[in-house]
Amino acid sequence: MPLQLLICLFAGALIAPSLAPLNIPFLALIPPAALYLCSQRRSPKQAAWLGWLFGLGFFGTGVSWVFVSISEHSATPLPVAIAITALFVMGLATLFALQNYLWLKCFGARLLPLSFIGIWVIFEWLRSWFLTGFPWLYLGNTALGTPIQNLLPVGGVWLASFAFLVLAICLAEFLKTRKILPILIFPLPLIGSYLLPPSWTTEQGKPLDVAIVQPNISQSIKWLPEHRNEILAGYEQLTKGHLDTTLMLWPETAIPALFRNAAKPLANLLNDLDRNHVTLISGMPSVVSDTQHPKGYRAHNSLAVLTTGSGIYHKQRLVPFGEYIPMETYLRGTIDFFNLPMSSFSLPVGKQPLLKVGEYTLAPAICYEIAYPELVRSSAQNADFILTVSNDTWFGDSIAPAQHLQIAQVRALENGRWVIRGTNNGISAVIDHHGEIVDKLPQFEAAVLRTQAQARAGQTPFQTYGSLPILILAGLLTIFSLGSRKTPAENPYPSFG
């Protein structure tokens, strides 16, 4: 048993190099295959421990960047920052413990390969909404640059995860049984991917001229009032040389104050943009009066059209502790981490609108929201582009910005839409409907990305049907496994190790 525990711990850790920035997708086959093999003929309790150790490696490497946001951007003592990060990782790891426990408890020896695949996909989907969701580190995100990426517009990231699981379990079965059937099944997801059409949407209209401003503002001064005019002047300096574009994009909370406090310093620039028919879209905090709210108002993390048009979008998926404090009455003020700037945002009321740039509509997503497959799908169905802004300064030079960009590429493929992405310090980029990066800016540089983006019309199968088909398939696999008449004595899989 100790050997299996170590194998699961290190196998889970391989999820990080399989994703951006290293992008070694074949490594994504090892984590599920190792967990599957190590859990053979284990009791449910033993399987839970194996799953938990696997989860520690999985999230400990994959979301190690959480430590950066805690330790570098607050005065939280190092031991406390380490403890908070460890608790976060251990909490997430319990999902794999529960997943593995239920797999062995409910299915035992019954058609283990099918039930393992089905319950893994269901738990990935569960992570997209449980406790507001943590839709990160999906196996399907590793599909970029492989034939499996053709499945993304058909069934989304969870269908791609399903395909990787089939490949992984086929390899595991061959290693255990040396039978030919797993090898015969192995190429089927690859063959199916090759047979799919290269595109599900069509070009619409002329390309949109885009200028993405990446200001590279330090998080340490961003919210200090004495630096506000300096920050706004920096945006003006970067912007005024690009008045011949159609869309000017500033990143998340680019305006570090309510608009009424920034309108005067920006007045001349906004007039110039209006005169030149340039649409400026910027991130900014906003306040909406709400007598039903305990505070009498709602503060929002917003994305607003400031020139040549109108429209404002309020963020619908807030980051716990970063944008709001759970149990605020008890936690606020205990340590500096619970006093981060702009950590009192509220959820909006009602459906959020698309944004307009001339004749085009844009589906907005602020920062973390781009990671939610169903949220982006629902807004992008009737949009020409997907627009996302972020402030990944929180994560320094960790792997988070590269992972975040990779997730945006997956959303582009799922929805058959170009993605326009603006960030504070990188990675700002434009992504086409194939998930390919058309152009981008280097990290940690103040610059403007001038490029074009092409509108697309039509819907992908994923946009039409969402995650329902793959969830039905995963559910059928588990139900079929429960219906198997095999008993533990008939289990064909010897213990691993």
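Glu236, at 27% relative accessibility, counts as partly exposed, and its place in this predicted model is in helix H12. Glu236 also gives a sense of the distances spanned by the chain, since Glu236 and Ser115 are 121 residues apart in sequence and 57 Å apart in space, computed from C-alpha to C-alpha.

## Salt bridges

Side chains of opposite charge can pair when their charged atoms come close. How many salt bridges does the structure hold? The count is five, and three of the pairs are described here, with the distances between nitrogen and oxygen set out in the table.

| Acidic residue | Basic residue | N to O distance |
|---|---|---|
| Asp244 | Arg450 | 2.9 Å |
| Asp392 | Arg421 | 3.1 Å |
| Glu414 | Arg411 | 2.6 Å |

Asp244 and Arg450 meet through their side chains in a salt bridge. Because Asp244 lies in the loop between helix H12 (228–239) and strand S3 (247–249), while Arg450 lies in strand S13 (residues 447–453), this pair ties together parts that are 206 residues apart in sequence. Asp244 counts as exposed, with a relative accessibility of 56%, whereas Arg450, at 32%, counts as partly exposed.

Asp392 and Arg421 form another of the salt bridges, with 3.1 Å between the closest N and O atoms. The loop between strand S9 (385–390) and helix H16 (400–415) holds Asp392, and strand S10 (residues 418–423) holds Arg421, so the pair ties together parts that are 29 residues apart in sequence. Both Asp392 and Arg421 are buried.

Within helix H16, a salt bridge links Glu414 to Arg411, whose closest N and O atoms are 2.6 Å apart. These two residues are three positions apart in the helix, so about one helical turn separates them. Glu414 and Arg411 are both buried.

## Strands S2, S3 and S13

Strand S13, which holds Arg450, is also a pairing partner of strand S2, and the two run antiparallel, joined by seven bridges. Among the residues that face each other across this pairing, Ile212 stands opposite Leu449 in S13, and Val213 has Val448 in S13 as its bridge partner.

Strand S2 pairs with S3 as well, here in the parallel sense and over three bridges. In this pairing, Val210 stands opposite Leu247 in S3.

Are these strands enclosed or open to the outside? Strand S2 (residues 208–214) has six of its seven residues buried, so it is largely enclosed by the rest of the structure. For S13, five of the seven residues are buried, and therefore this strand too is largely enclosed by the rest of the structure.

## Cavities

Rolling a probe the size of a water molecule over the atoms shows where empty space is left. The structure holds four cavities of 30 Å³ or more, and the largest cavity has a volume of about 70 Å³.

Which residues line the largest cavity? The lining is made up of Phe59, Leu95, Phe96, Gln99, Trp120, Phe123, Glu124 and Arg127. Helix H6 (78–107) and helix H7 (112–126) are the elements that give two or more residues to this lining. Sorted by class, the lining of the largest cavity has five nonpolar residues, one polar residue and two charged residues.

The second largest cavity has a volume of about 50 Å³. Its lining consists of Pro153, Pro198, Ser199, Trp200, Thr201, Leu413, Gly416, His433, His434 and Thr460. By class, the second largest cavity is lined by four nonpolar and six polar residues, with no charged residues.

## Cysteines

A disulfide is a covalent bond between the sulfur atoms of two cysteines. How many disulfides does the count come to? The count comes to zero, taking a pair of cysteine sulfur atoms within 2.5 Å as the cut-off. For Cys106, the closest cysteine sulfur is in Cys8, at a distance of 19 Å, which is too far for a bond. Cys106 is partly exposed, with a relative accessible area of 32%, whereas Cys367 is buried, with a relative accessible area of 11%.

Technical notes:
Residues numbered from 1 in each chain as written. Predicted model: local features only at pLDDT ≥ 70, side-chain atom pairs only at ≥ 80, totals over all residues. Heavy atoms only, no water. Salt bridge = Lys/Arg side-chain N within 4 Å of Asp/Glu carboxyl O. Helix = DSSP H or I, 4+ residues; strand = E, 2+ residues; numbered from the N terminus. Buried < 20%, exposed > 50% of the residue type's maximum accessible area, 1.4 Å probe, protein only. Pairing = 2+ DSSP bridges. 1 Å grid on protein atoms, 1.4 Å probe; cavity = no way out; pocket = protein on both sides within 12 Å on 5 of 7 lines; lining within 4 Å. Points joined across faces, edges and corners; volume = space filled by probe spheres on them. Nonpolar A, V, L, I, M, F, W, Y, C, P; charged D, E, K, R; others polar.
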